[in-house]
Amino acid sequence: ITHKLKLKVNDEKSAVGQPWNRKFLGFTFRDEEQHRSCVSSKSIKEFKRHVRELTGRCRGRSVDQIIGELSTYLRGWLSYYGRCGFRTQFKDLDAWIRRRLRALYWKQWKTPKRRLKELLARGVNYELARNTSGSGKGPWAMSRTKALSYAFPNAYFRASGLFFLNIF
């Protein structure tokens, strides 16, 4: 190929093997009877890296702006990978994204007094809100608490315009 067609071949990317051992344009195949395609692990890592960039807690943007940018990226990503039919991956990624957004809200509220006020305004009962707002844990740990799950249910993010990957 290199001499006759004068094509340059990258030895690292070019190989012959079983489809489930190879990755092609971000896809791979599972070794099962159906041989269904799924998103490669490298593509998932790249996706998470980009979402971390968009939802960084020190970007100086409002959550509405972040959700807008994130939804645009998610729409494009799903249009490319959406046909692979591996719904559990998409469900897990959706949950991870919502958790990052909850951590973002927690970080923006900054003080225990403001956190208590915001949790109460979002319908969390006083006892749970008081216990949660006084915690010294970081935003990522707090994003998994009951109080933040009650304050920001999935319906809240859907109403905010967040695009969900798991639309099936």
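Asp-64 counts as exposed, because its relative accessibility comes out at 57% and the cut-off for exposed is over 50%. That's our way into this structure, which is a predicted model. From Asp-64 we'll move to the helix that holds it, then to a helix further along, and finish with some backbone angles.

**Asp-64 and its surroundings**
- Asp-64 is part of helix H2, which covers residues 63-81.
- Follow the chain for 97 residues from Asp-64 and you get to Gly-161, yet the C-alpha atoms of these two are separated by just 8.4 Å.

**How H2 packs with H3**
- When two helices pack, people describe the pair by the angle between their axes and the distance between those axes.
- Here, H2 pairs up with helix H3, residues 87-109, at an angle of about 170 degrees, and the axes are 12 Å apart.
- Angles over 145 degrees count as roughly antiparallel, so H2 and H3 get that label.
- Which residues of H2 make the contact? They are Val-63, Ile-66, Ile-67, Leu-70, Leu-74, Trp-77, Leu-78 and Tyr-81.
- On the H3 side, the contact is made by Phe-90, Leu-93, Ile-97, Leu-101, Leu-104, Tyr-105 and Gln-108.
- Sort the residues of this H2 and H3 contact by class and you find 14 nonpolar, one polar and no charged.

**What's tucked away in H4**
- Helix H4 runs over residues 112-121.
- Its buried residues are Arg-115, Leu-116, Glu-118 and Leu-119.
- What covers them? The cover includes H3, helix H5 (126-133) and helix H7 (146-151).

**Backbone angles to look at**
- Most residues other than glycine have a negative phi, so a positive one is worth a look.
- Lys-6 isn't a glycine, but its phi is positive, about 55 degrees.
- You'll find Lys-6 in the segment before strand S1 (27-29).
- Is Lys-6 buried or exposed? It counts as exposed, because its relative accessibility is 70%.
- Lys-110 also has a positive phi, near 65 degrees, and it too is a residue other than glycine.
- Lys-110 sits in the loop between H3 and H4.
- With 63% relative accessibility, Lys-110 therefore counts as exposed.
- Just after H4 comes Gly-123, with a positive phi of about 90 degrees.

Key. Residues are numbered from 1 along each chain as its sequence is written. This is a predicted model: local features need pLDDT of at least 70, side-chain atom pairs count only at pLDDT 80 or more; totals for chains, interfaces and linings use all residues. Side-chain values use heavy atoms; hydrogens and water are left out. Axes are lines fitted to C-alpha atoms, for helices over the stretch in contact, and angles run from 0 to 180 degrees between N-to-C directions. Helices (H or I, at least four residues) and strands (E, at least two) are DSSP runs, numbered from the N terminus. Angles under 35 degrees count as roughly parallel, over 145 as roughly antiparallel, 65 to 115 as roughly perpendicular and the rest as oblique. Contact means heavy atoms within 4.5 Å. Ala, Val, Leu, Ile, Met, Phe, Trp, Tyr, Cys and Pro count as nonpolar, Asp, Glu, Lys and Arg as charged, and the others, Gly among them, as polar. Buried means under 20% relative accessible area, exposed over 50%, partly exposed in between (1.4 Å probe, protein chains only).
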